[in-house]
Amino acid sequence: MTRRATVRAGPSGAAALAVLLWAGCNTAPEPPRADLILRGGVVFTMDAARSRAEAIAVRDGVILAVGTNDLVSRHAGPATRIVELDGHSVLPGFHDSHVHPLSGGIELGQCDLNSVGDHDALFAAIAKCARGTTEGKPAADDWIVGGGWELPAFPGANPHKRDLDRIAAGRPVFLSAADGHSAWVSSRALEIAGIDRTTLDPPRGRIERDPSGEPSGTLREAATELVQKHLPAITHEQRVAGLRRGIELANRFGITSLIEASASEEILRAYRDLDSQGALDARVVASLWVDPAQGPEQVDDLLRLRAEYSSERVRPVAAKLFADGVIEAGTAALLEPYLSGPAKGTRGELNFDQPNLVAIVSRLEQESFQVHVHAIGDRAIRAALDAFEEARRAAAARRAAAARTQNGPGDPRHHIAHIQLFDPADIPRFRELGVTANFQPLWAFADTYITDLTEPVLGPARSRWLYPIRSVLDSGARVVGGSDWSVSSLNPLEAIQVAITRQRLEGERGGPWIPEERADLDSMLAAYTVNGAWLMRQEGETGTLEVGKAADLIVLDRDPATVEPHQIGRIEVVLTLLAGQEVYRRPDR
């Protein structure tokens, strides 16, 4: 009797066993039949060997076979749908490890200024919003709400209220910046919020002012909340609709798993309702917001949220800590002072004092929460790493005292997102502490954020260590990728291109920015697939295309390994499957 294997060995499971053990003899059973076969392409399995295949078969939402066209085609039956790939590529579904699908989706339905160009275009877009917000003649206090304007569009990243007063005819206006850390407001909005020259800056926030001391119309960090709390309330229905728009866009770009970067209970309710409608077409880890003004006692409420809102598709198992702000607004925490700009001579502020940060991280670890930190400046990155190290030391002491293991085998899978400016001494600590580096690679080129607002306030020596993706990879640390949408494009292929080229998507005359920090294609594909799956604790289910795993996969119209690197961002997703179900198909297919 001859034994033939139709696929490479993969994870164990009924499907794998059925495929691997059928025997080629006179009474051999028929191989299991697939619901779907994709063949005639290049299948990036992203397995440990980074092997390639020609075809893949799916049955009941699970990968049944991966291999050559001939071997996989043996699983075809009368009811099997067969798709000829014609040389297209198949990859695991992308994992976006830091994204805001609900707020980004809501923003799409508001005054959306994302990707709007120069001043004239920006002012025209706001004027259009002012005309379209109400039926007939708007009332004097009808709010205009939206966001997406770029900080470098204005000197000092500081737009003025007088422009909004003129465009909106005196109405209240609140427009958040693309980075989510500043807001541009009108005089009427300031008046409603009671903000004038006598108003003090709130903790962890700043009111930008004219030389006279009058508020200029730009608010930073916590100061935005002084106006935000007066905005018309967003309804639950609007949240669900926004989330639906965000998830649909994610599927269009091949994203099947994501980490919600900052979740309140209202956001969790929207996820739960969309899930109950059968319309949540993504696997989600939700990062629950942690208040820097409170201590570890707030973890009790996070435990309640985790218990109440957990489901098969949504797992609120992470906690989000904002360690600092952003460099462009002078609110990131630096080891050395800013050289110029609004924060000249200061080092910015940490949102948490270190003893409280350590206490919160330690309590989160004890309760088996994954910690997800926003850290931009080198001092914030160091503070987060120090907190993880202290928490690990405390956990080891507890285990020794109790003579038992808590929180698994020391595998909390914490991660730090954004990580813009490093002290090089901290790069090896990611691997040493088992902390994942969560980059937003689309930011790693010399746009006006870098040339006009970042490099001048840091100087050349520090600027060398902006987004050092290659150095972190070479250190052996695990790297994942996220979009931070709607801050920047949701398309992982655009981010992968920039990480490899360190140039803008459109190309440029000069060379790559900090060329020694260019990443390679395999590392970046891993960041958005197998590494992202590991970070979400679903590596046994997604992230690679292996027998027995969920059929979360995408079809691309070109092979990213053969196109010129500056063309990777132009590759399009043709088809997206989640558990074998089609959640996106390009309209021309």
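These entries record what I looked up on two packed helices and on the nonpolar cores of a predicted model.

**Entry 1: α9 and α10.** I began with helix α9, residues 265–276, and helix α10, residues 299–309, whose axes lie 11 Å apart at an angle of about 10°. Angles under 35 degrees count as roughly parallel, and I therefore entered α9 and α10 as roughly parallel to each other. I then listed the residues that meet: α9 contributes Glu265, Leu268, Arg269 and Arg272, and α10 contributes Arg304, Leu305, Glu308 and Tyr309. Sorted by class, this contact holds five charged, three nonpolar and no polar residues.

**Entry 2: the buried side of α10.** Which residues of α10 are buried? I found Val299, Leu302, Leu305, Arg306 and Tyr309. These residues lie on the same side of α10, because the arc they cover around the axis is only 105°. I next looked up what covers them, and the cover includes α9, strands β16 (283–289) and β17 (314–322), and helix α11 (354–366).

**Entry 3: the nonpolar cores.** The largest nonpolar core has 114 residues, and Leu321, Ile327, Ile416 and Phe430 touch the most other members. Helix α12, residues 378–402, supplies the largest share of this core, with eight residues. Apart from this core lies another, of 24 residues, which I noted as including Leu122, Ile126, Phe154 and Tyr449.

**Entry 4: Leu321.** I followed Leu321 further, leaving aside neighbours within four places in sequence. Leu321 is in contact with Val290, Phe352, Leu357, Ile360, Val361, Leu364, Val371, His372, Val373 and His374.

Technical notes: Residues are numbered from 1 along each chain as its sequence is written. This is a predicted model: local features need pLDDT of at least 70, side-chain atom pairs count only at pLDDT 80 or more; totals for chains, interfaces and linings use all residues. Side-chain values use heavy atoms; hydrogens and water are left out. Axes are lines fitted to C-alpha atoms, for helices over the stretch in contact, and angles run from 0 to 180 degrees between N-to-C directions. Helices (H or I, at least four residues) and strands (E, at least two) are DSSP runs, numbered from the N terminus. Angles under 35 degrees count as roughly parallel, over 145 as roughly antiparallel, 65 to 115 as roughly perpendicular and the rest as oblique. Contact means heavy atoms within 4.5 Å. Ala, Val, Leu, Ile, Met, Phe, Trp, Tyr, Cys and Pro count as nonpolar, Asp, Glu, Lys and Arg as charged, and the others, Gly among them, as polar. Buried means under 20% relative accessible area, exposed over 50%, partly exposed in between (1.4 Å probe, protein chains only). The arc is that of the directions from the helix axis to the C-beta atoms. A nonpolar core is a set of buried Ala, Val, Leu, Ile, Met, Phe, Trp, Tyr and Cys residues joined through side-chain atoms within 4.5 Å.
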